[in-house]
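Please work through the exercises below with the sequence and the coordinates open beside you. Each task is followed by a solution that goes step by step.

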Amino acid sequence: MTELIIAEKPSAAKKVAKGLSKSATEHKEKGVRYYTLINDEGEEVFVASAVGHIFTLEEKEKSFNYPTFDIEWVPSYEANKDAKYTKKYYNILKKLSKKATEYTVACDFDVEGEVIGYNVIRFICKQDDAQRMKFSTLVPEDVKSAYTKKGSSIEWGQAKAGETRHKLDWMYGINISRALTKAMKKAGRFTLMSSGRVQGPALKIIADKERKIQAFEPTPYWVVTAMLQHDQSFTVSYEKGKLWKEKKAEKVVKESNKADTAEVIDVDKRVWTQKPPTPFNLGGLQSEAYKTIGLSPKQSLQIAQDLYTKGVTSYPRTSSQKLPKNIGYKKIFSKLKKNTPYKALIEELTKGTLKPNNGKKKDPAHPAIYPTGEPAKGLKGKEKKVYDLIVKRFMATFGPNAKRQTTKLTFDINTYKYNAKATKTVEEGWHRYYKPFVRYKEQDIASVKEGEKIGFDKASYEEKETQPPRRYTKASLVKELEKQGLGTKATRADIVENLYKRGYADGKSITVSDLGLKLSATLEEHIPDIVSPDLTKHFEQKMEGIREKKEDPETTLSEAKETLIKILDEFKGKEKEIGEELLDSHQKMMKEKNTLGTCPECGEGDLMIRKGKYGKFAACNEYPDCKTTFSLPKKAKIIPTDDVSDTGHPMIKVIKKGKKPQVISINPDDNMSGDAKKLIEKVESGDIEIVDEDSGSKMVVRSGPYGKFLGAEDYPKVKKIMDPEELVEEYKDKLE
């Protein structure tokens, strides 16, 4: 017997193979790694990777008509040029499957992982079913246990629910997007538009909030405060808080200021217990990582997934807030103790009984997120911070209750009552294990006694305004989607990111573009079911029913088709009207997105982002009267800013994948210091000669969108480049 084990990603395949046998042999073929080993029964085992979704849904006969429902699974490399790299993984799986007589799916144990494994089994291995390994961590003992206890069949509920979700999302996404695009075309402009089964309701959520903010009319109110003296100055507030009439505030201040002292009439001290936090599920981790580290939900999910595939944390796509006993608390702490930063805290924590403060939420597939205790070597930057957050949260859930004291003081100032309130920690409890992620303010307050009279300086009032509703952040929007039952724990972060990619949302505190507002309003007016959370929630419940084997996939898909046909039939009669409503907002958005600022040469036109044969560039829109152009960085996202350089050139924000964003001037000369410019001039004139020590190549001046730099004269044979700013100090004496 020869067995083929299918993992979801290359890194997971390696962990599975090494977990089953330390002597597993790695093979590399056309850049693809797979593994062979001999199991405990002496049988040969192949372990290979599906590299994520190796199949995708595609229309059988391509057209731009709608509605369309005739779809099929095809290899991803055939449908999408960006997925061409998957072909070599497909070929390896196909080759190994022909040698195998048994098949095991070891993809992530969730809906998506089941679909990936199921597609490989039926389309590549040509099998109707396979065995199934289930694990929540990639540590060797868990992998071995999952192999020993593997099921005789794939998880059919997950597979069917996952496939149904893919088909539903395809049907809604393609058909609604095509309808919107055709509407724009009928209005006179071909522009690709996008909406989807969950994207529509998500857009409505932020659009509704945006309209409330725009419609909000602030109301003035006044607050009265007084300055008191007791060892040091401190502020107290008039007990009635907001006063809606200025005359009332004036009266309170006038009467209060007749007093010479303030009398302490009540000292209320209350100590209250604060339970430890619950273990992280994915939503909890994303929310906390945003608040404490500043990561978007998508970033924190990606990092958590990477930590899982490295074997140092458990599977992150979980809804559970529970840590079951069978994960082995003592074993995990024993391993973690070897990690020096946590040793002292763990020794202290594990002296007592280990019982986590589990939350209410469950997940049938995985426990809450926890560290495995395996050595976390080589972690840097944000990855290290997320790992530390997961470890500290895990420890904190086992910690003792914290105790905090809230003190409220009440003062009488000429018959008017004023309050002061402060809260501080009196027993750290679990806080000790969660630092530096504890976000509670420690406030102190004057130590006074009831009946005591203390110094009073003066009272005053200040005018303020009521504030509009707070905007969503990416993290709070993900939380809202979860609350409303929209999307899944694995898809919500991507849904939010897509709102940004489509130009509907922007900013850390989410603002909605005119196009996003118009699209949401148009859909709500003409096809309200698409933006209603009720319809989306209905199908989410259907898919959960499929996973639990209580609902039928075909019945669910038939219902979805009928609903879409009805919606789109109504839409077709209004295509031109809808397109005209959207066109103006789209053109306005594109102009804002591509306008960098006033042309510094003619002062009349605007510098606009254009696309040419060699990539993006900036050009004045008064061409041919003004022929001003500037190069722009290649393979980068260019975002306009409101700033200009000292020479009057627009500043732009440049975002490149994997690099820190930069704000630069579109005029390269503005991006260099005076000394760097002198160095460049002297290299060009021959007064300074710079040679690369490694290659012996002379460095010459070259130009790029970021400004001038030094590059090897022997390029492309020698690809050395030097930043003149970094050479200034070395050649300082020659620049004077």
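A surface patch is made of residues with over 30% relative accessible area and no salt bridge, and nonpolar side chains are joined within 5 Å. The model examined here is predicted.

**Exercise 1.** Determine which residues make the nonpolar surface patch of about 340 Å², and classify the exposure of Phe64.

Solution. Joining the qualifying nonpolar side chains yields a patch made by Phe64, Phe190 and Leu192, with an area of about 340 Å². To place Phe64 in the fold, go to the loop between strand 5 (55-59) and strand 6 (71-75), where this residue is found. Its relative accessibility is 35%, and Phe64 therefore counts as partly exposed, given that the partly exposed class lies between 20% and 50%.

**Exercise 2.** Find how many aromatic pairs the whole structure holds, and classify the pair of Trp430 and Tyr434.

Solution. A search of the whole structure gives 19 aromatic pairs. For Trp430 and Tyr434, the ring centres are 6.2 Å apart and the planes make an angle of 55 degrees, so this pair is tilted; the tilted class covers planes that are neither under 30 degrees apart nor over 60. As for burial, Trp430 has a relative accessibility of 3% and so counts as buried, and Tyr434, at 3%, counts as buried too. Elsewhere, ring pairs connect Tyr329, Phe333, Tyr370, Phe394 and Phe398 into a cluster.

**Exercise 3.** Identify the ring over which the charged end of Lys209 sits, and the ring whose face Lys474 lies over.

Solution. Starting from Lys209, the charged end is placed over the ring of Tyr472, at 3.9 Å from the ring centre. Turning to Lys474, the ring in question belongs to Tyr500, and the distance to its centre is 4.4 Å.

**Exercise 4.** Describe how strand 2 and strand 3 are paired and what connects them.

Solution. Strand 2 (residues 25-29) pairs with strand 3 (residues 32-38) in the antiparallel sense, over five bridges. Within this pairing, Thr25 has Thr36 in strand 3 as its bridge partner. The two strands form a hairpin with two residues between them, and Lys30 in the turn has a positive phi of about 55 degrees.

**Exercise 5.** Work out the strand order of the open sheet of three strands, and explain why strand 24 and strand 26 stand at its edges.

Solution. The order is 24-25-26, with antiparallel pairing. Strand 24 (699-704) and strand 26 (721-722) each have a single partner strand, so one side of each is left without a neighbour in the sheet. Six bridges join strand 24 to strand 25 (residues 707-712), and the bridge partner of Met699 in strand 25 is Ala712.

Definitions and conventions. Residues numbered from 1 in each chain as written. Predicted model: local features only at pLDDT ≥ 70, side-chain atom pairs only at ≥ 80, totals over all residues. Heavy atoms only, no water. Patch = residues over 30% accessible without salt bridge, like charges linked within 9 Å, V, L, I, M, F, W, Y side chains within 5 Å. Areas by Shrake-Rupley, 256 points an atom, 1.4 Å probe, with all protein chains shown as cover. Salt bridge = Lys/Arg side-chain N within 4 Å of Asp/Glu carboxyl O. Helix = DSSP H or I, 4+ residues; strand = E, 2+ residues; numbered from the N terminus. Buried < 20%, exposed > 50% of the residue type's maximum accessible area, 1.4 Å probe, protein only. Phe/Tyr/Trp six-rings, centres within 6.5 Å; stacked < 30°, edge-to-face > 60°. Lys NZ or Arg CZ within 6 Å of the ring centre and 35° of its normal. Pairing = 2+ DSSP bridges.
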